[in-house]
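The following exercises are to be worked with the sequence and the coordinates at hand. Each task is followed by a solution in steps.

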Amino acid sequence: MKEHIIEFKNISKSFGDKCILNDVSLNVKKGEFLTILGPSGCGKTTLLRLLAGFGSPDSGEILINGENITDFPPHLRPVNTVFQRYALFPHLDVYENIAFGLKLQKMPTDAIDKRVRNVLKMVSLTDYEDRDVESLSGGQQQRVAIARAIANQPKVLLLDEPLAALDLKMRKDMQIELKEMHKKLGITFVYVTHDQEEALTLSDTIIVMNEGKIQQIGTPTDIYNEPQNAFVADFIGESNILNGKMIKDKLVEFVGHEFECVDEGFGENVDVDVVVRPEDIYIMNKVEGAQLTAKVKSCTFKGVHYEMFVDTDKGYELMIQDYNAFEPDSEVGLLIRPADIQVMHKERTCNTFEGEMVDETHVKFLYETFECLPQSGFAAGDKVKVEVAFSKIDLIDHPEDGMLSGDVYFLLYKGDHYHLTIMTDDGDHIWVDTNDIWDKGDLVGINIAPQDIKIVKCND
Amino acid sequence: MTKRSTWALPYAIFLVFFVALPLCLIIFYAFQDGAGNFTLDNFTKFFTDADAIGTFALSLEVAIENTAICILLGYPAAWILANKKLNKSAVTIVLFILPMWINALMRTLATAELFHMLGIQLGKGTLLIGMVYDYLPFMIYPIYNILNKMDKSYAEAAADLGATPWQVFWKVQVPLSMPGVISGVMMVFMPTVSTFAISEFLTNNKIKLFGTIIQENINSSMWNYGAALSLVMLVIIGITSLLQDNKKEDVSGGIV
Amino acid sequence: MKRFFAQCYIWLLLIVLYAPIVFIAIFSFTESKVLGNWTGFSTKLYSNLFTGDMQGTGSLMLAIENTLIIALIAAIVSTVLGTIAAIGIHNMRGKTKQAITFMNNIPMLNPDIITGVSLFLLFVFLHISQGYATVVLAHITFCTPYVVLNVLPRLTQMNPNIYEAALDLGATPFQALRKVLLPLLKPGMISGFILAFTMSLDDFAVTFFTRGTIGLDTLSTYIYTDARKGGLTPELRPLITLMFVGILILLIVINIRNIRNSKKEE
C-alpha cells in the first residue's frame, strides 16, 4: 500500500444534471508516469482538477501518501500543476513567475535565486530570467510553466494537456524532454491528454477514460495489443472492429470466415467484438493459401507504409497497412495470425430501456410514448423492459420529424455497417446499426416501428 | 471557487436599492394623487393638455431631426476617418472624440454665445444647430469604430464578385455598419429627447422641451405629475432601446 | 482628388464644430463683457477667476472644489464597488448573471433626467434630506456600471487558470487576489476610474435633482444657474478655455500611451 502515492476512492462528480465522473477508483504508484487518456468531455481534466484541489468530488475520497486531502484547499496540497494554456502571470517576468511559490513560502532570497536558476537550467532557459513572459514563444512559455511548477518541488506534478497548444515538431521535442525530466526529478507525473500517440510514447501506465468511467488501465503495450473493449480499440491506434461470434474456445467467426484464435472461456456461439490491427493483416498477391480473398479498393502512401482499404469476398471492408503497395482492383489474399486477433465481450447486444405500459398498444420509455404491437399479460402502469435491436432503429435527417431527437455522439465502422451511439436530447444513449453515413455531431430524428419494440416483463 | 459569485452581492443590493426601486417609484408616484390615492389623473391631465402634448411632439420632432442630421453629416465623416486612403492622420479622429469629454453645458453655452455674437435670433433653428453641435461626435464615434474594425476582406470579396465601388459601399459596408449607426442613434436620440438645460440655453427659454416640463414639475413639487411624465419618457426610451439587439457593439471601448 | 474633397469635408466640419470654443478661447483674453467686442488684450479674466473676484454671484471656486471632491469620492467608491462586483459577476452563471448585468446596464441606458428624477423620488420616499451625501450616492449609481464594464472584459479575457495557478503554487485565496488578480485587473480599474471621474465631472441633470435645497453647487449647476441669470459670465470664458486645454493634454497623453503600448505588444 505504501507505494501508492495517490489513491482515488469511488470518486463521483456531476455538474448540474451531467455526470462527469462515475465512481472512479484509481491508484498511482510513486514515481510513475501516469497518463489519463480520453476524448474531450470524458472527465479526465475534472479528475486532475479534483487532485489539484479545484473543486471537490460529490462523493469519494482522494488520498496522497495515505493522507485524506479531499477537503484541502489547493495551496495546502503537495502537488503542482502545469496548465493547458500555461497560465503564466503576465504582469511578472520569467524569474518572478518561477519564484512566485517560493516567495510565498518566505524562502530566503539567495535560496530562491539558486532554485530559480536551477530549474531554468533544467528546462534549458538559462538567461531568460528577465524576459517578459508574453514575449516568449509558445514552447518557451511551456518551459516556464513547467519550471514554475517544479520549482516548488511538489511530490506530484500534474500536467493538463501541456503540449496541446504547440505545433507538431515542438510537441515531439517536448515529449522527449518531459520524459527525461521525469527520470531526472524522480517524482510522480500525472499527465492528461487526448492524444493517444503522446500517451503511448510517454507513459508507464495509461488510464483510458470515456464518459466518466475508466475503460482500461495498463501499460502502453497492454492497451495497444489487448484493448478490453471496442472503445479502447477504436481510440488507441487504427483498428478494424468487427462483429464476430465465438464458435467455441480458440475458434472465432467474423467477416464470414472462421479463424483460429487464442481466446478461451467466452462460451459457445456467443456474440463478440473482434479487433484486428491494420498492420496485423498479411496481404499478398497470391490467393492460394490465404484465409480469405479480397479486392483492393484504394491505396494511399502514408510516409512509412501504405494504407489500403479492401473489400473481402463476403463484402466486408477492412483497413490494411503494409510496406508494399497493392494496385487498386487487384485480387489479394489475406492472412491473420491467431495471436493478432483480439476478441472482446460485447458490452451490449441490443438497446434495453426501462419502460412503463400505457395501454395495450402503447409503451412509454425515454420520456416518450411509443406505439407497439398489441401486448397481452400486461396492465397499464406495469413496469417493463423494452428491447430494440440495434438495426431496427430508424434515423432520419430532420430531428423534428422523429419521435425523439438527438445527435451522433460516437461512431464505429464495423466492416460492413456503422455502429452509432446517439445521445438523445434528454441525455440517454441509443445504439444504432446502420448503413447510412452519418458524421459525429449530426442532429438526427429517431423513430422506432411498433413491430420492432420488444417488451419483456421486469424481473423484479 | 463558486463562493466568489457572492462578491456581487453588495452591488446587487445596491442596484436593487438605487436602480430598481427608484424606477418602481416613478411608476408608484405616477399613479398617485398628492394624497397618496391611486389615480389615472396624471395621465389624463397630460393627454388632454394641448400644451404638454405639443411640447412632447416638438421634443420628438427635434430629437428625430437632430438624429437624422447627425447621421447625414456624421456617416460620411466617420467613413472618411475610417478610410486609410482618405485619412492618414490620427489627429482628426482625436479632434472628433475630444468634444465628448467636455461638459455639455459649457459647450452649449459657448455655442449660444457664438449665436449671440453673430447676431442670430435664438429659436428653433438655433436649437437644432446647437443640438447637432453637441451630439455629432456621439454619432461619428460609434460608426467610425465599427467601420474601422470592419474586416477589409468583405469589401474586397464584394469587389472580387463584381460589385462596383458604389455597390460595395451600399450593399456591404452600409449594412455591416448598421450596429454602429444604431449605437449612434441611441447616443444621440436618447439625450436629445430627454434634454432640458441645453434647450433653455439655445432658445433663451423661448422653446420648452419635454425634459424642461418634467424638471419644472419636479421642482415645483408636482412630483406625481412629474413622475407620470417621466414614465411617458421611459416608454419612449424603452421603445428606442428595442432597436438595439443584445449583441451590441462595445461603443465605449477605446475612448480611454 | 477624392482625398482632397474628403479632407475638406472633415476639416470644414471640425472648423464649424470648434468655432464656439475657439471664439471663447480668443475672447478669454480680453475684458469685454460681450463676445465679439475686442477691447484689447488682457489676462484680467484669468486672474479674476483665480482670485474669485467676479461679477457673478456665488462662489465659482467652491463649485469647482465640490465638483472635484464629489467626482473623486464617486470614482473611488465606484472603482472599489465595481471591481468587487465584476469579480462576483464573472463567477456567476445563468439567470442571476443575466439579471445583474441587465440591472447594471440600466443606469447607462437611462437618460440622466430619468436617473435624476427616480433618485429624487427615492430620497423623497425615504425622507432622506438631500445634499452632499445624496449627490455622491447618485453619482456612484451611474458611475459604477462603467467600472464594471471596464473590469469585466479583463476577467473574461484572462486565462481562467491564472487564479488557480496562484493557488496551486501555494497562495492563499487572499494572496492570489492581491498578487495576481488585482495587478491584472489594474488597467481595467484605471480606465473605469477615469471614465467614472469624467462622468461625474460632466454630470448636470442627476446632480440637479439630488442636491436638494441647501444651495450645494457643482460646476454644472453653477453654470446653469449663472447662465439663466443672463448669458455667460465673462470669467467662465477662461474656465472653459482651461478645461478644454486640460482635456486636450489628457487625451494626447492617453493616446501616446496607447500607441506606445500597442507598439510594445507588437
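Two strands are taken to pair if DSSP finds at least two bridges between them. The model is predicted, and the exercises below apply this criterion to it.

**Exercise 1.** Determine the strand order of the open sheet that contains β11 of chain A, and state which strands stand at its edges.

*Solution.*
Step 1. Following the pairings gives five strands in the order β13-β12-β11-β14-β20 of chain A, and the pairing is antiparallel.
Step 2. β13 (257-260) and β20 (342-345) of chain A each have a single partner strand, so one side of each lacks a neighbour in the sheet, and these two stand at the edges.
Step 3. From one strand to the next, the twist averages 40°.
Step 4. Within this sheet, strand β11 (residues 240-248) and strand β14 (residues 270-276) of chain A run antiparallel and are joined by seven bridges. A:G244 has A:V272 of β14(A) opposite it.

**Exercise 2.** Carry out the analysis for the open sheet that contains β21 of chain A.

*Solution.*
Step 1. The order is β23-β22-β21-β24-β30 (chain A), a sheet of five strands with antiparallel pairing.
Step 2. β23 (368-371) and β30 (454-457) of chain A pair on one side only and are the edge strands.
Step 3. The twist here averages 45° from one strand to the next.
Step 4. Strands β21 (residues 351-359) and β22 (residues 362-365) of chain A run antiparallel, with four bridges between them. A:E356 has A:K364 as its bridge partner in β22(A).

**Exercise 3.** Describe the surroundings of strand β3 (residues 33-37) of chain A: is the strand mostly covered or mostly exposed, and which strands does β3(A) bridge to?

*Solution.*
Step 1. Five of the five residues of β3(A) are buried, and the strand is mostly covered.
Step 2. The side chains divide by direction: A:F33, A:T35 and A:L37 point one way, whereas A:L34 and A:I36 point the other way, and all are buried.
Step 3. β3(A) runs parallel to strand β8 (residues 188-193) of chain A, to which five bridges join it. β3(A) also runs parallel to strand β9 (residues 205-210) of chain A, here with four bridges.
Step 4. A:I36 illustrates both pairings: its bridge partner in β8(A) is A:V192, and its bridge partner in β9(A) is A:I207.

**Exercise 4.** Assign A:K213 to an exposure class and locate this residue in chain A.

*Solution.*
Step 1. A:K213 belongs to strand β10 (residues 213-218) of chain A.
Step 2. A residue is buried with 20 or more other C-beta atoms within 10 Å, exposed with 12 or fewer, and partly exposed in between. A:K213 has 16 C-beta neighbours inside 10 Å and therefore counts as partly exposed.
Step 3. A:K44 lies 169 residues from A:K213 along the chain, yet their C-alpha atoms are separated by 9.4 Å.

**Exercise 5.** Characterise the contact between chains B and C, with attention to the side contributed by chain C.

*Solution.*
Step 1. Chain C gives 64 residues to the contact and chain B gives 68 residues.
Step 2. Several helices of chain C supply at least two residues each, among them α1 (2-26), α3 (60-90) and α11 (236-265).
Step 3. α1(C) gives the most to this side, with 13 residues.
Step 4. By class, the side of chain C that touches chain B holds 50 nonpolar, eleven polar and three charged residues.

Conventions: Residues numbered from 1 in each chain as written. Chains lettered and ligands numbered in written order. Predicted model: local features only at pLDDT ≥ 70, side-chain atom pairs only at ≥ 80, totals over all residues. Axes fitted to C-alpha atoms, helices over the stretch in contact; angles between N-to-C directions. Contact = placed C-beta atoms within 7 Å. Nonpolar A, V, L, I, M, F, W, Y, C, P; charged D, E, K, R; others polar.
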